[in-house]
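Open the model in your viewer and colour the chain by domain. The stops below say what to select at each point and what is found there.

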Amino acid sequence: MAQPQFTPRVFSGIQPSGGLTLGNYLGAMKRFVTMQDEGSFETIYCMVDLHAITVWQDPGKLTRATRELCAGFIAAGIDPERSILFNQSQVPEHAQLGWIFNCVARMGWMKRMTQFKDKAGKNAENASLGLFGYPALMAADILAYHATHVPVGEDQKQHLELTRDIAAKFNHDYETEFFPLTEPVIEGAATRVMSLRDGSKKMSKSDPSDMARINMTDDAEAIASKIRKARTDPEALPSEAAGLNDRPEARNLVNIYAALADRTVDAVLAEVGGKQFSEFKPMLADLAVDKLSPISTEMARLMQDPAEIDRILGRGAERARAIAAPILAQAYDIVGLVRSA
Ligand code: AQP
């Protein structure tokens, strides 16, 4: 439970490190929209461009990906009036609080982060310092708004635990209760959408194989072809969820279907149990096209006016700063940093 003194506030971000995938949509964005529409929270959503550059990004592609991600948020149902929508680098308080958190987080904590190990791989000595420090900046993204809840996919769970550790250590060291212990919100049938080529790997924007993911900009033909070629096993679908144990590829496709249809896995299996993949895959492709094509069409329309997207991001950044600047100022005071104004 969030501490009562904090305004119920949601913060979450997505990196413009490539095109949006079905994993980002089902694991994160769809929930962002629900939390906005429920109206119980103030909702703040961010294109975390400073996180994206922890690995090399071509500057022109980064600019385009940031605008396209903004278009994706709006096309998926985020209303820039009801939510605050902006890109991270336009609100310098993230990086400023991030530095304080670099000084709070411990090396031992950071070394345990599995995402760094996965992303840096065997070449960790050559990874950027930013990639290693990424979770401390993520803690700052969240805590600069005193966010109480963060909707994310399963892969971000460990980073959310670190955010709580950083808040708790700051509060303890400075004898304060300034930062909330933020709750992760990891819910739904598709909190971990897997690669279409390998059921043990998560679907990722930066997977070298485009066949491994569905991009939100894929057309109907590409979506159908990727689902048709998705790896599966030779068995028919089971009638109950327990029958998906040890069948990661089958489980992934059923989870995707359930999440797109807003149904439970059990309800889906009650209908499709006994079917072969040759029958189920076209059903999934039709559903995916049905749900995703209105979003991709709207994204393409919005991308025709990049100046309007930049205006939306600028306005969102102003609103974000109005919340983050006083929180950062108080954090500076708590730490003892002199402020003349
Ligand atoms: N496969 C996934 N299943 C469920 N949720 C996912 N998310 C990402 N992939 C999946 C969720 O999307 C949000 C934004 O993620 P991100 O872009 O900030 O970074 P990421 O998790 O590292 O995503 P990618 O696609 O794998 O990016 P790259 O390839 O650049 O590293 C998060 O809430 C995440 O949980």
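The tour starts with the two domains, moves to the contact between them, and ends inside the second domain.

**Stop 1: the two domains.** This is a predicted model, so no part of the tour rests on an experimental structure of the chain. Select residues 9-191 together with 305-335 for domain 1, then 210-301 for domain 2, as the domain assignment gives them. Domain 1 is thus made of two segments of the chain, while domain 2 is a single one. With a centre placed on the C-alpha atoms of each domain, the distance between the two centres is 29 Å.

**Stop 2: the contact between them.** Show the residues of each domain that touch the other: 14 in domain 1 and 17 in domain 2. How much area do the two domains bury between them? The value is about 1,300 Å², and carbon and sulfur atoms account for 74% of it. On the domain 1 side, select Leu 22, Ala 75 and Ala 189, which lose the most area to domain 2 and together make up 38% of what that side buries.

**Stop 3: polar links across the contact.** Between domain 1 and domain 2 there is one salt bridge. There are also four residue pairs in polar contact, counted with both residues at pLDDT 80 or more. Which elements give two or more residues to the side of domain 1 that touches domain 2? They are helix H1 (22-38) and helix H3 (59-76). Of the elements on that side, H3 gives the most, with five residues. By residue class, the domain 1 side divides into nine nonpolar, two polar and three charged.

Now select Lys 30 and Asp 262. These residues form a salt bridge, and their closest N and O atoms are 2.6 Å apart.

**Stop 4: helix H9.** Move to residues 220-229, which form helix H9. Show the side chains of Ile 223, Ser 225, Lys 226 and Ile 227; these residues of the helix are buried. Add residues 277-302 to the view: this is helix H12, against which the buried residues of H9 pack.

**Stop 5: Glu 249.** Select helix H10, residues 248-261, and find Glu 249 in it. Is Glu 249 buried or exposed? Glu 249 counts as buried because its relative accessible area is 12%, and the cut-off for buried is under 20%. To see what surrounds Glu 249, select Asp 198, Gly 199, Arg 231 and Thr 232, the residues it contacts once neighbours within four places in sequence are left aside.

Terms used. Residues numbered from 1 in each chain as written. Predicted model: local features only at pLDDT ≥ 70, side-chain atom pairs only at ≥ 80, totals over all residues. Heavy atoms only, no water. Helix = DSSP H or I, 4+ residues; strand = E, 2+ residues; numbered from the N terminus. Buried < 20%, exposed > 50% of the residue type's maximum accessible area, 1.4 Å probe, protein only. Contact = heavy atoms within 4.5 Å. Domains from an automatic or database assignment. Buried area = accessible area lost by both parts, 1.4 Å probe. Salt bridge = Lys/Arg side-chain N within 4 Å of Asp/Glu carboxyl O. Polar contact = N/O pair within 3.5 Å; in protein donor to acceptor, adjacent residues only side chain to side chain. Nonpolar A, V, L, I, M, F, W, Y, C, P; charged D, E, K, R; others polar.
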